[in-house]
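Got the model open? Here are a few exercises to work through on screen, each with a solution that goes step by step.

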Amino acid sequence: MATSALVRDGRAKLSSCEYAPKCMLALACVGRDLVHYRCMLVPQEFENLLYETTWEQGDDSFRMSLDENHCAMVRFHGKGSMAGTKAFIAALDEGQAVVGETNDVRAVIDLSDLSGVPLRAQVLLGKWLLANKHHFHSIAVFGGKAWEMNFARAVAKIARFKNIGFFADEDSSLRYINS
């Protein structure tokens, strides 16, 4: 189901949509007319996106978007894997190269459709975040089951990253990165 939304004066107006919470988050990050694409919102005009990538292997995938305001959205689907983790780190490096030396990236990570992650992935992601945490203003992680949320907490602990919040829902994540 497609929907459109418009932001004026910081207020969102949405048509009725089964993805309404995701619409609100994407609007805050992108601030343009939007359409749905595989549970991830993308702008109808790509001029405001600095970077976007999708990785798929079977039923497993992630989609990462980064806009000109340095707001990033990552949505994971399927089962976590080392191949997916390595592809995600490559995407993070590419996104970082696009924004350059900045320290204001605000990222929202959706784990609600992720099931399981290899323990070795913690170490890889933790090492990457440790080396690159200075690029982030804040990170909000939401929606994961207990194992996936504990995985994300372990990554943050390995990296000694303190500006990270863990939430049950997308709205709380949005409030956190915009605070």
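**Warm-up: helix α2**

Take helix α2 and compare its reach with the expected one. Keep in mind that this is a predicted model.

*Solution.* Step one: α2 has 18 residues, and from first C-alpha to last it reaches 26 Å. Step two: at 1.5 Å a residue you'd expect 26 Å, so the reach is close to expectation, given that the expected span is 1.5 Å times one less than the number of residues. Step three: look just past the end, where Gly100 follows α2 with a positive phi near 75°.

For context, the whole protein comes to 5 helices and 10 strands, and 49% of its 179 residues count as buried.

**Exercise 1: two helices**

Work out how α2 (residues 82-99) and α3 (residues 119-132) are oriented relative to each other.

*Solution.* Start with the general recipe: two packed helices are described by the angle between their axes and the distance between the axes.

1. The axes of α2 and α3 come within 9 Å and cross at roughly 10°.
2. That makes α2 roughly parallel to α3, because angles under 35 degrees count as roughly parallel.
3. Now list who touches whom: on the α2 side there are Met82, Thr85, Lys86, Phe88, Ile89, Leu92, Asp93 and Gln96, and on the α3 side Arg120, Ala121, Leu124, Leu125, Trp128 and Asn132.
4. Sorted by class, this contact has 8 nonpolar, 3 polar and 3 charged residues.

**Exercise 2: the sheet**

Find the strand order of the open sheet, then say which strands stand at its edges.

*Solution.* A reminder before you trace it: strands of a sheet pair through backbone hydrogen bonds, either parallel or antiparallel.

1. The 6 strands run in the order β5-β6-β7-β8-β9-β10, and the pairing is mixed.
2. β5 and β10 (164-167) are at the edges with a single partner strand each, so one side of each has no neighbour in the sheet.
3. From one strand to the next, the twist averages 10°.
4. Both kinds of pairing show up when you go strand by strand: β5 and β6 pair in the antiparallel sense over 8 bridges, β6 and β7 also in the antiparallel sense, over 6 bridges, while β7 and β8 pair in the parallel sense over 8 bridges.
5. Some partners to click on: Tyr51 stands opposite Leu66 in β6, Met64 has Val74 in β7 as its bridge partner, and Cys71 stands opposite Arg106 in β8.
6. Check the turns: the β5-β6 hairpin has 2 residues between its strands, with Gly58 at a positive phi of about 65°, and the β6-β7 hairpin has 3, with His70 at a positive phi of about 65°.

**Exercise 3: what's enclosed?**

Why can β6 be called largely enclosed by the rest of the structure?

*Solution.* First, split the strand by side: Asp60, Phe62, Met64 and Leu66 point one way, Ser61, Arg63, Ser65 and Asp67 the other, and all are buried. Next, count: 8 of the 8 residues of β6 are buried, so the rest of the structure largely encloses this strand.

**Exercise 4: helix on sheet**

Which elements do the buried residues of α2 pack against?

*Solution.* The buried residues of α2 include Met82, Gly84, Ala87, Ala91, Gly95 and Val99. The buried set packs against β5 (49-57), β6 (60-67), β7 (71-79), β8 (105-115) and α3.

Technical notes: Residues numbered from 1 in each chain as written. Predicted model: local features only at pLDDT ≥ 70, side-chain atom pairs only at ≥ 80, totals over all residues. Heavy atoms only, no water. Axes fitted to C-alpha atoms, helices over the stretch in contact; angles between N-to-C directions. Helix = DSSP H or I, 4+ residues; strand = E, 2+ residues; numbered from the N terminus. Parallel < 35°, antiparallel > 145°, perpendicular 65-115°, else oblique. Contact = heavy atoms within 4.5 Å. Nonpolar A, V, L, I, M, F, W, Y, C, P; charged D, E, K, R; others polar. Buried < 20%, exposed > 50% of the residue type's maximum accessible area, 1.4 Å probe, protein only. Pairing = 2+ DSSP bridges.
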